[in-house]
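These are my notes from an afternoon of looking things up, kept in the order in which I checked them. I began with the pockets and then turned to the rings and a few single residues.

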Amino acid sequence: MIEQELKYKIENEEIADELFNCFLVDSSAVEPPEVFKMNAKYYDDENSSLLKNQIAFRIRRENSDYVATLKSRGDRQGAMHIREEKEKPVDESANPNDVFLSLCGETFPLAGQMKALFETDYVRTQQKLSAGGCSFFICTDIGLIKAGDKSVPVCELEIEYIDGEIDGMYNFGAALKDAFSLSTEPQSKFQRGISLL
């Protein structure tokens with residue numbers, strides 16, 4: 001599937017909390033907010049084969065569930081990030097090599113056992129909205145990206161397309177950006193994690 005999402009930096013956690021209580025969000029809400037504790041490990045093989053091919057692969061714990069995701073580098077247009085994504089639920093003890101090959105069709109030549117490069121550890125608050133003929137999630141992510149003894153904070157807003165007229169999501173994102181003086185987040189968590197290595 002094609003993932004389409006708007007990404008914005010949030011100045012602090014207080015603003016992140018205010019987002020879910022503002023009129024724009026409250027008047028567009030379809031469901032109440034949900035909170036997820038997220039911990040993801042991003043993997044590559046001994047030759048950095050995935051990085052060389054601009055592929056991101058992670059296994060993420062979402063509360064008590066585990067989901068594996070494979071993403072291409074994709075494209076960015078302003079705040080909009082667009083990339084191909086494949087994902088599947090997995091067991092906690094799943095072997096990363098086996099999971100990766102099952103997602104990519106078992107045609108990718110891996111060099112040895114995959115290892116974790118870095119991890120993300122954050123709390124996500126997520127709410128489903130509908131505006132302008134479009135359904136989408138707004139998500140705030142608050143936490144850290146960690147690689148060894150290095151780390152960078154995560155404090156961001158993602159607006160993830162579900163279906164409908166995508167201009168409705170664009171317009172909602174622009175209104176929320178103006179209301180809270182948000183700035184565009186040009187990098188994914190994967191790109192920020194790689195910069196720590």
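Before assigning pocket walls to elements, I fixed what an element is: helices (H or I, at least four residues) and strands (E, at least two) are DSSP runs, numbered from the N terminus. I also note that this is a predicted model.

**Entry: the second largest pocket.** With that definition in hand, I found that β2 and β3 (55–62) each supply at least two residues of the lining of the second largest pocket. The largest share, three residues, comes from β2. I listed the whole lining as Asn39, Lys41, Tyr43, Ile59, Arg61, Tyr66, Asp91, Glu92 and Ala94, and by class I recorded four nonpolar, one polar and four charged residues. For the volume I noted about 170 Å³.

**Entry: the largest pocket.** I looked up the space in the largest pocket and wrote down about 930 Å³. Its lining comprises 42 residues, and those closest to the pocket centre are Glu3, Glu5, Lys71, Arg83 and Glu85. When I sorted the lining by class, I obtained 16 nonpolar, nine polar and 17 charged residues.

I then followed Lys71 further, and placed this residue in strand β4 (residues 65–72). Is Lys71 buried or exposed? Its relative accessibility is 12%, and since the limit for buried is under 20%, I entered Lys71 as buried. The side chain of Lys71 is joined to that of Glu3 by a polar contact of 3.2 Å.

**Entry: aromatic rings.** I counted seven aromatic pairs in the structure. In one of them, Tyr42 and Phe190 have ring centres 5.9 Å apart and planes at 35°, so I recorded the pair as tilted. This pair links distant parts of the chain, as Tyr42 belongs to strand β2 (residues 34–44) and Phe190 to helix α6 (residues 189–194), with their positions 148 residues apart in the count. Both partners came out as buried when I looked them up separately, Tyr42 at 5% relative accessibility and Phe190 with a relative accessible area of 17%.

Another pair, Phe100 with Phe108, is edge-to-face, with 5.3 Å from centre to centre and 85° between the planes. I found Phe100 buried, and Phe108 as well. Together with Tyr43 and Phe57, these two residues form one aromatic cluster, and I noted that Tyr43 also appears in the lining of the second largest pocket.

I made one further check on a charge over a ring: Lys189 lies over the face of Tyr122, at 5.0 Å from the ring centre.

**Entry: Ser102.** I located Ser102 in helix α4 (residues 96–104), and its relative accessible area of 34% puts Ser102 among the partly exposed residues. A polar atom of the Ser102 side chain lies 2.7 Å from the backbone oxygen of Val99. I also compared Ser102 with Lys88, and found them 14 residues apart in sequence and 9.4 Å apart in space, C-alpha to C-alpha.

**Entry: Leu50.** My last lookup was Leu50, which lies in helix α3 (residues 49–52). With a relative accessible area of 0%, Leu50 is buried. From Leu50 to Pro96 I recorded a separation of 46 residues in sequence and 13 Å in space, C-alpha to C-alpha.

Terms used: Residues numbered from 1 in each chain as written. Predicted model: local features only at pLDDT ≥ 70, side-chain atom pairs only at ≥ 80, totals over all residues. Heavy atoms only, no water. Phe/Tyr/Trp six-rings, centres within 6.5 Å; stacked < 30°, edge-to-face > 60°. Buried < 20%, exposed > 50% of the residue type's maximum accessible area, 1.4 Å probe, protein only. Lys NZ or Arg CZ within 6 Å of the ring centre and 35° of its normal. 1 Å grid on protein atoms, 1.4 Å probe; cavity = no way out; pocket = protein on both sides within 12 Å on 5 of 7 lines; lining within 4 Å. Points joined across faces, edges and corners; volume = space filled by probe spheres on them. Nonpolar A, V, L, I, M, F, W, Y, C, P; charged D, E, K, R; others polar. Polar contact = N/O pair within 3.5 Å; in protein donor to acceptor, adjacent residues only side chain to side chain.
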